[in-house]
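This briefing is meant to be read beside the sequence and the coordinates. Please keep both in view while going through the topics.

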Amino acid sequence: MLRRSIDYSLYLVTGRDLLPNGKDYLESLEESLQGGVSLVQIREKTTDTGEFLKIAQQSKAICRKYNVPILINDRLDIALAIGADGVHLGQTDMPIAVARSMLPPNSIIGMTCNTVEHVRKAVQDGADYVGVGPVWTTQTKKVTSPIVGVRGMGEMLKALDGTNVKAVAIAGIKFTNVLHCLHGCVSTTGRSLDGVAVVSDIVASPDPRLAAQRLAAIVQAFKSNPSHNFSLGPTASYTPESVKASVGVLLPLIRHFSPLVHQITNNVVTNQSANATLALGLNANINRKPIVFDPVGVGATKYRQSSANYLLNTWQATVIKGNAAELGALANSLEVQAKGVDSVGKGFADPASFVRNLAKKERCVVVLTGMTDWVSDGTTVVKLSNGHPLLGEITGSGCMVGSSIAIFCAAASVAEAAKRAPDAPEDARLVRGDMFAAAIAGVLAVTIASEFAAVRADVKGSGTFLPALIDELGGLTPDKMVSAARVEVIH
Ligand SMILES: Nc1ncnc2c1ncn2[C@@H]1O[C@H](COP(=O)(O)OP(=O)(O)O)[C@@H](O)[C@H]1O
Ligand SMILES: Cc1ncsc1CCOP(=O)(O)O
């Protein structure tokens with residue numbers, strides 16, 4: 001019997017009812033194996049035993065040809081009859097211990113898990129792997145449990161720490177979102193997925209070989225070099241000097257590339273705005289473009305909170321930027337209070353830990369604005385001490401910082417794309433370029449310009465400060481930014 005080192009990377013769950021018109025099931029299965037499917041589960045929910053047995057036998061012969069293990073959904077009798085490599089069980093199927101006692105030694109047993117408790121129980125019961133989800137909605141199965149979402153997956157993966165139990169995500173995973181899935185489904189302790197389980201994106205394709213090939217390429221790229229939170233990664237040693245140098249490099253790139261930034265602002269709670277954000281965010285993820293998310297006044301109403309959560313589950317933000325009240329609400333922290341869209345009080349007792357933890361959890365760069373700005377990629381924290389009190393006296397200074405971050409992220413990403421060879425191998429970076437440095441540069445542009453504006457002779461107060469600020473933003477140079485930047489790095 002095949003076994004122990006199972007490759008969970010691209011786990012095909014069959015679904016004969018989804019085959020395109022005229023496509024033969026066995027032909028489709030074989031092509032998907034040629035494309036890189038690494039594990040197969042035969043799932044037949046309504047087929048009679050005799051027919052199920054025949055299909056399982058034929059499927060096994062093809063899987064053996066490609067040396068790929070075969071599991072049977074739910075039916076131990078079929079698994080035993082064909083000598084499958086194991087079974088996949090649901091929460092209401094046979095208990096793992098009973099299945100284990102009936103199957104040959106070393107059989108693989110997987111369990112569907114929809115909650116952290118399910119995962120803990122599966123580990124305790126001796127599962128080899130867990131199928132966690134639903135990550136997204138799916139047309140393939142009537143799922144009765146709530147959508148876990150990419151952002152809920154980290155807690156489930158964390159429950160696997162210290163065990164050898166493997167994990168695959170399931171539901172709604174496609175070529176267009178698989179990288180988002182892999183990037184987002186990582187626990188704060190760094191545990192990532194071992195693979196993805198897919199039905200329709202492969203089975204419903206007229207070209208299952210190609211469908212499997214492009215999914216497998218992304219999974220392999222991610223597994224060989226898991227993506228970091230859009231920075232250069234934990235091994236990059238950011239220093240105040242290196243951060244300032246990156247800022248100096250980024251400013252001319254904006255002028256050189258004039259990247260296009262699509263901005264959706266204000267009225268974030270109107271349907272139109274929310275739908276546009278949703279659609280553009282998805283396209284941005286598919287095209288590896290940065291997304292800057294500014295959850296204005298997110299704590300103010302339940303609707304804003306649920307909209308923000310929905311958006312963050314639908315696409316992966318590159319940078320989340322907010323004041324203390326906004327980010328506190330997003331992190332479900334009660335430490336900071338809001339007044340309308342403004343933050344009140346002293347802010348977080350330990351802002352460095354707060355931004356680091358939120359960045360780790362959301363798998364992106366986090367910018368916490370205020371008198372002092374804090375930026376983290378989940379590993380390094382940068383404290384920025386530029387700015388002027390007049391920024392707090394004009395409306396929209398936070399929005400200006402958001403726009404500035406977006407333009408720097410766009411420039412960094414476009415510049416990286418320009419450097420990339422057309423035949424460069426697939427990589428697993430959802431956005432290319434150092435988005436941590438770009439977010440820092442975005443904050444510094446506004447806060448440094450505010451310092452130059454505030455001391456101008458023509459500035460008498462907040463009214464005259466605003467146009468001066470715009471002028472100073474236009475007049476920024478790398479030298480001005482680098483010499484004025486007040487940057488501390490906290491590792
Ligand atoms: N009193 C201040 N001193 C220095 N900089 C400030 C001050 N108030 C705000 N800023 C700067 O203005 C920008 C907007 O921050 P903030 O006021 O927190 O945003 P929001 O308008 O979203 O609440 C930040 O980059 C911050 O550094
Ligand atoms: C079998 C199964 N279990 C939970 S969701 C699902 C179907 C996933 O199908 P698809 O990959 O087409 O969304």
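What follows describes a predicted model, beginning with its domains and moving on to sheets, helix packing, ligand shells and backbone details.

The domain assignment divides the chain into domain 1, covering residues 10-224, and domain 2, covering residues 240-490. The centres of the two domains, taken over C-alpha atoms, are separated by 38 Å.

**Contact between the domains**

- Across the boundary between the domains, 16 residues of domain 1 are in contact with 13 residues of domain 2.
- On the side of domain 1 that touches domain 2, helix H6 (150-158), helix H7 (178-184) and helix H9 (208-224) each supply at least two residues, and H7 gives the most, with five residues.
- By class, this side of domain 1 consists of eight nonpolar residues, seven polar residues and one charged residue.

**The barrel**

- Eight strands close into a barrel, in the order S1-S2-S3-S4-S5-S6-S7-S8, and their pairing is parallel; on average, with direction ignored, neighbouring strands of this sheet are turned by 25° against each other.
- Within the barrel, strand S3 (residues 70-73) pairs with strand S4 (residues 86-89) in the parallel sense over three bridges, and Asn 73 stands opposite His 88 in S4.
- Helix H5 (residues 116-125) packs on this sheet, where it touches strand S5 (108-113) and strand S6 (129-132), and the direction of H5 makes about 165° with that of S5.

**The open sheet**

- A second arrangement is an open sheet of six strands, which has the order S9-S10-S13-S14-S15-S16 and mixed pairing.
- Strand S9 (292-293) and strand S16 (487-490) stand at the edges and have a single partner strand each, so one side of each is left without a neighbour in the sheet.
- At one of these edges, strand S15 (residues 381-384) and S16 pair in the antiparallel sense over four bridges, with Val 382 standing opposite Val 489 in S16.
- Helix H14 (residues 351-362) packs on the sheet and touches strand S10 (319-323), strand S13 (365-369), strand S14 (373-376), S15 and S16, while its direction makes about 145° with that of S13.
- Helix H16 lies across S10, S13, S14 and S15, and runs at about 165° to S14.

**Packing of helix H10**

- The axes of helix H10 (residues 240-257) and H16 come within 9 Å and cross at roughly 75°; because angles of 65 to 115 degrees count as roughly perpendicular, H10 is roughly perpendicular to H16.
- This contact is formed by Val 243, Ser 246, Val 247, Leu 250 and Leu 251 of H10, together with Ala 437, Ala 438, Ile 440, Ala 441 and Leu 444 of H16; by class, it has nine nonpolar residues, one polar residue and no charged residues.
- H10 also packs against H15 at an angle of about 75°, with the axes 9 Å apart, and these two helices are therefore roughly perpendicular to each other.
- On the H10 side of the contact with H15 are Leu 250, Leu 253, Ile 254 and Phe 257, and on the H15 side are Ile 407, Phe 408, Ala 411, Ala 412, Val 414 and Ala 415; the residues of this contact divide into 10 nonpolar, no polar and no charged.

**Ligand shells**

- Around ligand 1 there are 18 residues, of which Thr 369, Gly 387, Leu 391, Gly 392 and Gly 398 come nearest.
- Strand S12 (342-344), helix H15 (397-419) and helix H16 (435-454) each supply at least two residues of the shell around ligand 1, and this shell has six nonpolar, 10 polar and two charged residues.
- Around ligand 2 there are 14 residues, of which Thr 138, Thr 140, Ala 171, Val 199 and Ser 200 come nearest; the residues of this shell divide into eight nonpolar, five polar and one charged.

**Backbone details**

- Most residues other than glycine have a negative phi, and most peptide bonds are trans.
- A cis peptide bond, with omega about 0°, joins Gly 133 and Pro 134, and Pro 134 lies in the loop between S6 and H6.
- Asn 67, although not a glycine, has a positive phi of about 60°, and is found in the loop between helix H2 (49-65) and S3.

Terms used: Residues are numbered from 1 along each chain as its sequence is written. Chains are lettered from A and ligands numbered from 1 in the order in which they are written. This is a predicted model: local features need pLDDT of at least 70, side-chain atom pairs count only at pLDDT 80 or more; totals for chains, interfaces and linings use all residues. A residue is near a molecule or strand if its C-beta atom, placed from the backbone, lies within 6 Å of it. Ala, Val, Leu, Ile, Met, Phe, Trp, Tyr, Cys and Pro count as nonpolar, Asp, Glu, Lys and Arg as charged, and the others, Gly among them, as polar. Axes are lines fitted to C-alpha atoms, for helices over the stretch in contact, and angles run from 0 to 180 degrees between N-to-C directions. Angles under 35 degrees count as roughly parallel, over 145 as roughly antiparallel, 65 to 115 as roughly perpendicular and the rest as oblique. Two residues are in contact if their C-beta atoms, placed from the backbone, lie within 7 Å. Two strands pair if DSSP finds at least two bridges between them. Domain bounds come from an automatic or database domain assignment.
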